[in-house]
Amino acid sequence: MPDRGFPSPAALRSGEVDLVAHVQEVCDRIDAEDSLIQALLPEPGRRPRLTREAEALLDRFPDPAQRPPLFGLLVGVKDFFRVDGFPTKAGSKLPAELFEGMESDVVTRLKRNGALVAGKTVTTEFAYFQPGPTRNPHNTEHTPGGSSSGSAAGVAAGFFPLALGTQTIGSVIRPAAFCGIIGFKPSYDRIDTAGMLFFSKSVDHAGLFSQDVATMKLACSALLGSWDDSAGAPSDSLPALAVPDGPYLEEAEEAGLQQFEETLDRLAAEGFRVERVPFFPNYADLNVRHRRLTAVEVAEVHKDWYKAYSDRYSVHMHEIMETGATVTDEERDGIRADQLRLRHKMEEALLTCGADLWIAPAAPGPAPYGIHSTGNPIMNLPWTNAGVPALAIPTGEAANGLPLGVQFCAPFGADERLLAWGEAIEALVRG
């Protein structure tokens, strides 16, 4: 795949890069290539709209010194977030008017900080398992992952340097790994989810994709609640890393596990202390319980819509609605309580072994062949269940040339520290 780097946010703010010309160049790229990638939902008037918005932004902030941090940054927005002026369908066949409401808070924050919405991106149906048409830019015969398919593929293809996604199991970190880009799922609720559609409220996270950690950190400083720059300054020593050995790690495929072990060796050679910690002894049970929680919560979200439009739902959604009906309130409440217990166990394990971050494969292996499935989110499930921050960084390629990556996970609330360390880690491991 050709290099699709973007001008730095500083170059856009300073005027070193002509914003209107930059918008035209990106629109040319989208017009030429998105008919194959299909990352963005169709928008006939995209170019004139973006041109008007870029010109208005320049008029609003004529002095480069007064420009907001994300000035002129193009952003793809998963069609699970409401954006004023755009319909929201969540990748479904249901009427768009069902999902009307106030603009998502995170979208409003992006605009307030100077970002330009490049467009709505393709999502799987209701952010679940029924894929859309999006293809992996590294090899269009393979999936980009899901459910934030278009957001990940669009960043990888160079249609925008930043994109919004959501994660209920692995819908940010997995597609980031499959597409060879940076993915970040912050601590639960660090990004305000007001105005976002929900699949499962207890585990749904708003997350982000970018081409590098520096852009991710800049975006998060503007979007995450109670951001504290001073909390992100790690000590001079490198972070110690904990590997969750046991049934969880055994879920990785051979290619993914080999790249993961090679990455551990590279980090150890750079001076990182790596500790292997037996963890997730009952991983199969955690997997089942997480999915039953999401099932009962999605059934509640869709209760009225499903009654009226059940014939417009995919087989995947029919199945999870049926599962949700078998989950009692008592079981649901017990699983929710277990989420906090798992979060505390993760932090205790790090403290016990003297590690700062967990490190694990970001996906079982490279993106599977075909677009009939978005791949297995199994490597992402425990970190989402516990609500801790996770950062995906590319580490190289499989034998077939498709990207592979690892994820780093920090204690709950330590998003600033994770991203600060992430910049240094990226320079060492990125393939």
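Buried, as the word is used in this note, means under 20% relative accessible area, while exposed means over 50% and partly exposed covers what lies in between, with a 1.4 Å probe and protein chains only. Helices (H or I, at least four residues) and strands (E, at least two) are DSSP runs numbered from the N terminus.

This is a predicted model, in which local features need pLDDT of at least 70 and side-chain atom pairs count only at pLDDT 80 or more, whereas totals for chains, interfaces and linings use all residues. Residues are numbered from 1 along each chain as its sequence is written, and side-chain values use heavy atoms, with hydrogens and water left out.

1. **Strand β1.** A good place to begin is β1, residues 74-78. Five of its five residues are buried, so the rest of the structure largely encloses this strand. L74, G76 and K78 point one way, V75 and V77 point the other way, and all are buried. You may enjoy finding the lysine, K78, in that buried set.

2. **The sheet as a whole.** How are the strands ordered? Ten of them form an open sheet that reads β2-β1-β3-β5-β4-β9-β10-β8-β6-β7, with mixed pairing. Here two strands pair if DSSP finds at least two bridges between them. The edge strands are β2 and β7 (274-278), each of which pairs on one side only. From one strand to the next, the twist averages 30°. As background, strands of a sheet pair through backbone hydrogen bonds, either parallel or antiparallel.

3. **Parallel pairs at the edges.** β1 and β2 run parallel and are joined by five bridges; G76 has G119 in β2 as its bridge partner. Toward the other edge, β6 and β7 also run parallel, again with five bridges. There, A242 is partnered by E275 in β7.

4. **Strand β9 and its neighbours.** Which strands flank β9 in the sheet order? They are β4 and β10. β9 (residues 390-397) is mostly covered, with seven of its eight residues buried. Three bridges link it to β4 (residues 182-185) in an antiparallel arrangement, and G183 finds its bridge partner in A392. With β10 (residues 403-409), β9 pairs in the antiparallel sense over seven bridges, and P394 stands opposite G405. β9 and β10 form a hairpin with five residues between them, and G401 in the turn has a positive phi of about 85°.

5. **A helix across the sheet.** Helix α12 (residues 329-353) lies across β6, β7 and β8 (357-361), and runs at about 110° to β8. Axes are lines fitted to C-alpha atoms, for helices over the stretch in contact, and angles run from 0 to 180 degrees between N-to-C directions.

6. **Helices α7 and α14.** α7 (residues 213-223) and α14 (residues 415-429) pack at an angle of about 170°, with axes 9 Å apart. The two are therefore roughly antiparallel to each other, the term for angles over 145 degrees. V213, A214, M216, K217 and C220 in α7 meet L419, A420, G422, E423 and E426 in α14, where contact means heavy atoms within 4.5 Å. By class, this contact has six nonpolar, one polar and three charged residues. Ala, Val, Leu, Ile, Met, Phe, Trp, Tyr, Cys and Pro count as nonpolar, Asp, Glu, Lys and Arg as charged, and the others, Gly among them, as polar.

7. **Backbone spots worth a look.** Most residues other than glycine have a negative phi, and most peptide bonds are trans. Q38, in the loop between α2 (19-37) and α3 (46-60), has a positive phi of about 55° although it is not a glycine. At 31% relative accessibility, Q38 is partly exposed. S226 also has a positive phi of about 55° without being a glycine; S226 sits in the loop between α7 and β6 (241-245) and is exposed at 73% relative accessibility. Finally, a cis peptide bond with omega of about 5° joins G146 and S147, and S147 is in the loop between β2 (116-121) and α5 (149-157).

8. **Cysteines.** How many disulfides does a search of the whole structure find? Zero, taking a disulfide as a pair of cysteine sulfur atoms within 2.5 Å. For C179, the closest cysteine sulfur is in C220, 19 Å away and too far for a bond. C179 is buried at 0% relative accessibility, and C27 is buried with a relative accessible area of 2%.

Notes: Parallel < 35°, antiparallel > 145°, perpendicular 65-115°, else oblique.
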